[in-house]
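Student: I'm new to this one and I'd like to know the reasons behind the labels. Can we go through it together?

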Amino acid sequence: MVVIRLARGGSKKRPFYSIVATDKRNRRDSNFIERIGYFNPQAVATEQAMRIAQDRLTYWTGVGAQISPTVVRLIKNNPAV
């Protein structure tokens with residue numbers, strides 16, 4: 001089953017998350033099928049905190065991918081996405 005979830009990147013105490021489509025059985029930061037966006041929780045006012053390719057999100061949900069609760073919450077809190 002394909003799931004859309006966060007994969008952590010960045011350095012220690014400076015998280016940066018990629019929003020990826022991956023197999024549910026894969027580990028959090030291991031290989032993924034496609035990177036469809038990112039989330040930067042420590043973005044300053046001049047930087048964009050979140051970006052997601054809406055067309056790729058609708059494609060993956062259309063073919064049966066599940067969205068993790070965290071990604072759903074991020075999408076709801078950022079209506080400009």
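Tutor: Let's start with a pair: Ile4 has Ala21 in β2 as its bridge partner. Keep in mind that this is a predicted model.

Student: How do you know that strand β1 and strand β2 are joined, and which way do they run?

Tutor: Two strands pair if there are at least two bridges between them. Strand β1 (residues 2-11) and strand β2 (residues 14-23) have 10 bridges, so they count as paired by that rule. They run antiparallel.

Student: What makes β1 and β2 a hairpin?

Tutor: Two residues lie between β1 and β2. Lys13 sits in that loop.

Student: What is special about the phi of Lys13?

Tutor: Its value is near 65 degrees, which is positive, and Lys13 is not a glycine. Most residues other than glycine have a negative phi.

Student: Why is Lys13 called exposed?

Tutor: The cut-off for exposed is over 50% relative accessible area. Lys13 has 68%, so Lys13 is exposed.

Student: How do you know that β2 also pairs with strand β3?

Tutor: Five bridges join β2 to β3 (residues 34-39), and the two run antiparallel. At least two bridges are needed, so β2 and β3 pair as well. One of the partnerships puts Ser18 opposite Tyr38 in β3.

Student: And what joins β1 to β5?

Tutor: Two bridges do, and these strands run parallel. The rule asks for at least two, so β1 and β5 count as a pair. Val3, for example, has Gln66 in β5 as its bridge partner.

Student: What is the order of the strands in the sheet?

Tutor: The order is β4-β3-β2-β1-β5, in an open sheet of five strands with mixed pairing.

Student: Why are β4 and β5 said to stand at the edges?

Tutor: β4 (50-52) and β5 (66-67) each have a single partner strand, so one side of each has no neighbour in the sheet.

Student: Where do the helices come in along the sequence?

Tutor: The pattern reads β-β-β-β-α-β-α. That gives two helices and five strands for the chain.

Student: Which helix holds Ile75?

Tutor: Ile75 belongs to helix α2 (residues 69-77).

Student: Why is Ile75 called partly exposed?

Tutor: Buried means under 20% and exposed means over 50%. Ile75 has 24% relative accessibility, so Ile75 falls in between and counts as partly exposed.

Student: Which residues does Ile75 touch?

Tutor: Leaving aside neighbours within four places in sequence, Ile75 is in contact with Met50, Ile52 and Leu57. As for Arg8, 67 residues away along the chain, its C-alpha atom is separated from that of Ile75 by 17 Å.

Student: How do you know that the radius of gyration agrees with a compact globule?

Tutor: For 81 residues, a compact globule would have a radius near 12 Å, and the chain has 12 Å, so the two agree. The C-alpha atoms fill a box of roughly 35 × 30 × 20 Å along the principal axes.

Student: How much of the chain is buried?

Tutor: Buried residues make up 31% of the 81 residues. On the outside, the chain exposes about 5,500 Å², with carbon and sulfur atoms supplying 51% of it.

Student: And how far apart are the mean positions of the charges?

Tutor: The chain has 14 positive and 5 negative charges, and their mean positions are 9 Å apart.

Methods
Residues numbered from 1 in each chain as written. Predicted model: local features only at pLDDT ≥ 70, side-chain atom pairs only at ≥ 80, totals over all residues. Heavy atoms only, no water. Helix = DSSP H or I, 4+ residues; strand = E, 2+ residues; numbered from the N terminus. Rg over C-alpha atoms; globule rule 2.2 N^0.38 Å. Buried < 20%, exposed > 50% of the residue type's maximum accessible area, 1.4 Å probe, protein only. Areas by Shrake-Rupley, 256 points an atom, 1.4 Å probe, with all protein chains shown as cover. Lys, Arg positive; Asp, Glu negative; His and termini not counted. Charge placed at Lys NZ, Arg CZ, Asp CG, Glu CD. Contact = heavy atoms within 4.5 Å.
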